[in-house]
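Visitor: Before we begin, please show me the model, and then let me ask how each description is justified.

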Amino acid sequence: MGNILRQPAELSFQSELDILKSEDTGPKPSNWQLSPQAVVTYLLGGKSPSGKEISAKYIGNRRLIETAVATLATDRALLLLGVPGTAKSWVSEHLSAAICGDSTQVIQCTAGTDENQIRYGWNYAQLLSKGPSKDALVPTPLYRAMESGTLCRLEELTRMGSDVQDTLITVLSEKMLPIPELNDAVFAERGFNVIATANNRDKGVNELSSALKRRFNVVVLPLPNDLNQELEIINQRVAEMGASLDIPVPKNAVDEIKKVVTIFRELRGGETLDGKITLKTPTGNLSTAEAIAVMVGGLSQANWFGGGSLSAEDISSNIVGAIVKDPVQDKVVLEEYLETVLKKRRDFADYYHNINEVL
Ligand SMILES: Nc1ncnc2c1ncn2[C@@H]1O[C@H](COP(=O)(O)OP(=O)(O)OP(=O)(O)O)[C@@H](O)[C@H]1O
Ligand SMILES: [Mg+2]
């Protein structure tokens, strides 16, 4: 698997999972690979029982992750909700990797998702030659998760139509999937559950019916609440992504990350960090994930075109790309920010100059 662009969590963190598995003595829910405590340690990082280091995958409130893990051990499904870029998919992937060792049973829900992608489809050649049979049935990730007592991930649940969403009601409440064509049903094995993600800022989403909502426990993942926490997340992820892309991370990256996060937080919050100047906010949501993307883009530019260290010149066009989502409205917001705030800050002079140039 050496040449795979991005390995699933259970492979890229296999050694940590193996350590936790071999040292885990806590009681486990049926068919779980790890005890709930060990799953939380895997997600939030810390020490294994014998003192080996486990890296943090999610940086944030322990309670939220405990609630998420505890939910998955019940008969209710888990819905991770939050604005874009708050690590919903990331947490869902790592939870699945830690709990059932497979994070690849994913259904990406879109406006075009139909029931066949949720329940099962048919292999039409087989169906025509032999008629309906289990062999002609094409299982979906949800079907396979039920059969094997593992987790199925539903990405962007609210993007699919409400009628299709409601297909899940029987699955979640009765833990079975009827197959009327065969006069049969799949009964979920113990260990089966669903982790869905949805973001509450998107256009074109379909509200969950209250019948379905009742079958989910909702955990809201917030944007990081202070600058230091956000810096910690970004520094860590940029270092990891730099390593996986074979791009060296220059020493000054930490300082530049701090500047970029300052710009993001001020624009996102609608005022300067010292609270003295009120600002207009751009239409996009300038998440932590976007700050990570800006920095990784900048690193790549510095590596391939720059002089090795990271400068405002390498990052500025990415910053503009992240902030200006609406070419008219956001441009005005950014121009105003440059003139009223950045122009007056000596340590941001490079950014003022370079952003102005690309804007
Ligand atoms: N609190 C956090 N701890 C660790 N990583 C984080 C945190 N917040 C954001 N990230 C990073 O942000 C990146 C993007 O997160 P992810 O794609 O999971 O967001 P999302 O909430 O699913 O967004 P969307 O709604 O757009 O799908 C990940 O690489 C993740 O590491
Ligand atoms: Mg996502």
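Visitor: How many residues surround ligand 1, and which are the closest?

Guide: This is a predicted model, in which local features need pLDDT of at least 70, side-chain atom pairs count only at pLDDT 80 or more, and totals for chains, interfaces and linings use all residues. Residues are numbered from 1 along each chain as its sequence is written, and side-chain values use heavy atoms, with hydrogens and water left out. Ligand 1 is surrounded by 16 residues, the closest being I59, G85, K88, S89 and R237, where a residue counts as near if one of its heavy atoms lies within 4 Å.

Visitor: What makes the approach of W90 to ligand 1 a polar contact?

Guide: A backbone N or O atom of W90 lies 2.9 Å from an oxygen atom of the ligand, and a polar contact is a pair of N or O atoms within 3.5 Å, so the pair qualifies. In E156, a side-chain N or O atom is 3.1 Å from a ligand oxygen.

Visitor: Why is the pair of Y120 and W122 called edge-to-face?

Guide: Rings of Phe, Tyr and Trp (its six-membered ring) pair if their centres lie within 6.5 Å, with planes under 30 degrees apart counting as stacked, over 60 as edge-to-face and the rest as tilted. The centres of Y120 and W122 are 5.8 Å apart and their planes stand at 80°, so the pair is edge-to-face.

Visitor: Why is the pair of F348 and Y351 called tilted?

Guide: The centres of F348 and Y351 are 6.1 Å apart, and the angle of 55° is neither stacked nor edge-to-face, so the pair is tilted.

Methods:
Chains lettered and ligands numbered in written order. Polar contact = N/O pair within 3.5 Å; in protein donor to acceptor, adjacent residues only side chain to side chain.
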